[in-house]
Amino acid sequence: MAPNARLDHRNPLVFDTHELGRRPGALQRLTRSIDAPKDFGIQGVVGVPEGAPVELELRLESVMEGVLVTGTARAQAEGECVRCLEPLQLDVEADFQDLFTYPDADDRGRVIAEPGDDAEDDEDRFFLEDGLFDLEPLLRDAVVLALPMQPVCQEDCPGLCAECGARLADDPDHHHDAVDIRWAALQGLAGTMQDGEKDEMSGAEPGVDEKQEK
């Protein structure tokens, strides 16, 4: 991610690395509880509700190119079971690691005049800005990858009845008496034959009377 507008140090997802200095090997460990930002998950499927607590454990290590950030985020996500459509909650733990580089250093840690000559390369990189970095883009990507694309309330959730939509987990013996369409066709044919027999019998009676009259 290329450098952008000034970062606000009051933002709980903005961290200050000035204590590390530019001393490769310097290390700092941090823990912080933050409120989840908006749209923190897979939209319409599952995600951490806005304002819900997110616990962060971070390890900041100074290296030649910048600051290597390694961390873990823990939160509780909410969504809907894809099988039975019931609401669900699940614990999320997301690990992440990335390098926030100095704007005046290249990939080898050498000081250069400009942040980057290749705009495409800059788009794939995170930068420090006046010793600050914004964790939100990295954290958001990590949480989304840790969430299930098809969440279920339980691994063996049987889902809903295809006939009436009833939740099968509430009634394991739920079923509908179904007639095989092949048998239904035969039953219709049998009914037609019975009607034909009645017609033949009713048509035979006048003939019998004629013979008797002769």
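**Figure 1. The buried residues of helix 2.** In this predicted model, helix 2 spans residues 136-146, and its buried residues are L138, L139, A142 and V143. They sit on the same side of helix 2, because the arc they cover around the axis is only 125°. Two of these names are worth remembering as you move through the views: L139 has a close-up of its own, and V143 returns among the residues that line the largest cavity.

**Figure 2. L139 and its contacts.** Here we look at a single residue of helix 2, namely L139. Its relative accessibility is 0%, so L139 counts as buried. Which residues is L139 in contact with, leaving aside its neighbours within four places in sequence? They are L13, I34, F40, L56, A73 and F96. For a sense of distance along the chain and through space, take L139 together with G71: the two are 68 residues apart in sequence, while their C-alpha atoms are 9.0 Å apart.

**Figure 3. The whole protein, for orientation.** Let us step back for a moment before the next close-ups. The protein has three helices and nine strands. In what order do the elements of the protein run from the N terminus on? The order is β-β-β-β-β-β-β-α-β-β-α-α. The protein has 214 residues, and 29% of them count as buried. If you take the contacts between residues at least 6 apart in sequence, 62% of these contacts join residues at least 24 apart.

**Figure 4. The largest cavity and its lining.** The count of cavities of 30 Å³ or more comes to one. The space in the largest cavity is about 30 Å³. Which residues line the largest cavity? You will find V48, V54, A73, R74, A75, V92 and V143 there. Strand 6, which runs over residues 66-80, gives the largest share of this lining, with three residues. Sorted by class, the lining has six nonpolar residues, no polar ones and one charged residue. Some names link this view to others: A73 is one of the lining residues, and A73 is also among the contacts of L139.

**Figure 5. R32 in strand 2.** This view is centred on R32, found in strand 2, which covers residues 27-35. R32 is partly exposed, as its relative accessible area is 30%. Not counting residues up to four places away in sequence, R32 touches N11, P12, L13, V14, F15, V54, E55 and L56. One of these partners deserves a second look: the side chain of R32 reaches the backbone oxygen of V14 at 3.5 Å. How far apart are R32 and A73 in sequence and in space? They are separated by 41 residues in sequence and by 9.7 Å from C-alpha to C-alpha. Two more partners tie this view to earlier ones: V54, touched by R32, also lines the largest cavity, and L56, touched by R32, is in contact with L139 as well.

**Figure 6. S62 and L20.** Two residues share this close-up. S62 belongs to strand 5, residues 53-62, whereas L20 lies in the loop between strand 1 (14-16) and strand 2. Is S62 buried or exposed? S62 counts as buried because its relative accessibility is 1%. L20, at 2% relative accessibility, counts as buried too. Although 42 residues separate L20 and S62 in sequence, their C-alpha atoms are 6.3 Å apart in space. Leaving out residues up to four places away in sequence, S62 touches L20, G21, R22, R23, P24, G25, A26 and Y102. The side chain of S62 also reaches the backbone oxygen of R23, at 3.2 Å. L20, counted in that way, touches A26, L27, Q28, L60, E61, S62 and V67.

**Figure 7. Two loop residues with positive phi.** The last view visits L85 and D130. L85 is placed in the loop between strand 6 and strand 7 (87-101). The phi of L85 is near 70°, a positive value in a residue other than glycine. L85 is partly exposed, with a relative accessible area of 45%. D130 is in the loop between strand 8 (126-127) and strand 9 (132-134). What is the phi of D130? It is positive, at about 55°, although D130 is not a glycine. D130 counts as exposed because its relative accessible area is 66%, and exposed means over 50%.

How values were computed
Residues numbered from 1 in each chain as written. Predicted model: local features only at pLDDT ≥ 70, side-chain atom pairs only at ≥ 80, totals over all residues. Heavy atoms only, no water. Helix = DSSP H or I, 4+ residues; strand = E, 2+ residues; numbered from the N terminus. Buried < 20%, exposed > 50% of the residue type's maximum accessible area, 1.4 Å probe, protein only. Contact = heavy atoms within 4.5 Å. Polar contact = N/O pair within 3.5 Å; in protein donor to acceptor, adjacent residues only side chain to side chain. 1 Å grid on protein atoms, 1.4 Å probe; cavity = no way out; pocket = protein on both sides within 12 Å on 5 of 7 lines; lining within 4 Å. Points joined across faces, edges and corners; volume = space filled by probe spheres on them. Nonpolar A, V, L, I, M, F, W, Y, C, P; charged D, E, K, R; others polar. Arc of directions from axis to C-beta.
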